[in-house]
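Thanks for making time this morning. I would like to walk you through one model, beginning with a single residue and working outwards from there.

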Amino acid sequence: MMSSGKLGEILPEDEASWKDRLFLTIDIDWAHDEVLSDTIDLVDQAGVYATWFVTHDTPGLERLRANPRYELGIHPNFNWLLAGDARQGADAREVVARLQAIVPEARCVRSHSMAQSTGLLQVFADAGLTHDANHFIPAAAGIPLKPWRLWNGMVRIPYDWEDDVTCAYEEMAMAAPGVAETGRMGGLHVFDFHPIHVFLNTESLDRYERTRPFHRNPGELIKYRFDGYGTRNRLLELLELAGKL
């Protein structure tokens, strides 16, 4: 039976800390509190371990902190800065520092849009972050994954499944292994979900884009939840695969 774990506990030199294990990660992406709580409810009920990448302060963080199976990481958004907009910080260090003020215990980082560079990796290390999860290698590539150490001492953890990427693959009629198929491949497997897609049960990015006006209105948004097989079903499959449901 598969087991789950937290990214911050992975040590490349200790295979038992990552090999043949499932790692659930959630990028909360500024989700409305009710949308976030919906995903927390599902993961709580399953009793699995998870790493939550935080974008903003919300009462939901205290609920996450109260669960010893969870860890909080940061999900900095450098997109504004790259566009010449300093609304989230005048430089990369300030963007990171603002999030660390909200989540001072964070050891893990995944940038919004997976923004990365050698310079950013050094900013992360200088800020005391120990685990970077910015490298996406889709399971469809058939490349066995394993963590490794970077030159600055950080642990890099590649991930191989993401909810919105799976939707994009399917829209292009390209093969995209499901969560069960991915999880049974052996080796390291890191899955990335977003509460908005879980709430909507997103099956296509068009549904996500069409509902943008309601993303801050859960009462209206729920009317657009897909009633077929979508992201919510995939999360439930992963939770079952972890042997906790």
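**Aromatic pairs and the overall fold**

Let me start with F191, which counts as buried because its relative accessibility is 0%. Before I go further, please keep in mind that what you see here is a predicted model, and that the values I quote are computed from it.

Now, where does the ring of F191 find a partner? F191 forms an aromatic pair with W161, and the pair is tilted, with 6.0 Å from centre to centre and 45 degrees between the planes. W161 belongs to strand β9, residues 161-162, while F191 belongs to strand β10, residues 188-193, so the pair ties together parts that are 30 residues apart in sequence. W161 is buried as well, since its relative accessible area is 2%, and the cut-off for calling a residue buried is under 20%. If we bring in F193, then W161, F191 and F193 form one aromatic cluster.

How many aromatic pairs does the structure hold? There are six of them, and I will describe one more, the pair of W52 and Y70, which is edge-to-face, with 5.4 Å from centre to centre and 65 degrees between the planes. This pair, too, links distant parts of the chain, given that W52 sits in strand β3, residues 50-54, and Y70 in strand β4, residues 70-74, with the two positions 18 residues apart in the numbering. W52 counts as buried because its relative accessibility is 0%, and Y70 also counts as buried, in this case because its relative accessibility is 7%.

Let me step back to the whole protein, which has 11 helices and 10 strands. For 245 residues, a compact globule would have a radius of gyration near 18 Å, and the protein has 17 Å, so the two agree. Along the principal axes, the C-alpha trace spans about 45 × 40 × 40 Å. Of the 245 residues, 53% are buried, and if we take the contacts with a separation of 6 or more, 65% of them are between residues 24 or more positions apart.

Finally, a word on the surface and the charges. The accessible surface comes to about 10700 Å², and carbon and sulfur atoms account for 53% of that area. The protein carries 24 positive and 36 negative side chains, and the centres of these two sets lie 2 Å apart.

Note on methods: Residues numbered from 1 in each chain as written. Predicted model: local features only at pLDDT ≥ 70, side-chain atom pairs only at ≥ 80, totals over all residues. Heavy atoms only, no water. Helix = DSSP H or I, 4+ residues; strand = E, 2+ residues; numbered from the N terminus. Rg over C-alpha atoms; globule rule 2.2 N^0.38 Å. Buried < 20%, exposed > 50% of the residue type's maximum accessible area, 1.4 Å probe, protein only. Contact = heavy atoms within 4.5 Å. Areas by Shrake-Rupley, 256 points an atom, 1.4 Å probe, with all protein chains shown as cover. Lys, Arg positive; Asp, Glu negative; His and termini not counted. Charge placed at Lys NZ, Arg CZ, Asp CG, Glu CD. Phe/Tyr/Trp six-rings, centres within 6.5 Å; stacked < 30°, edge-to-face > 60°.
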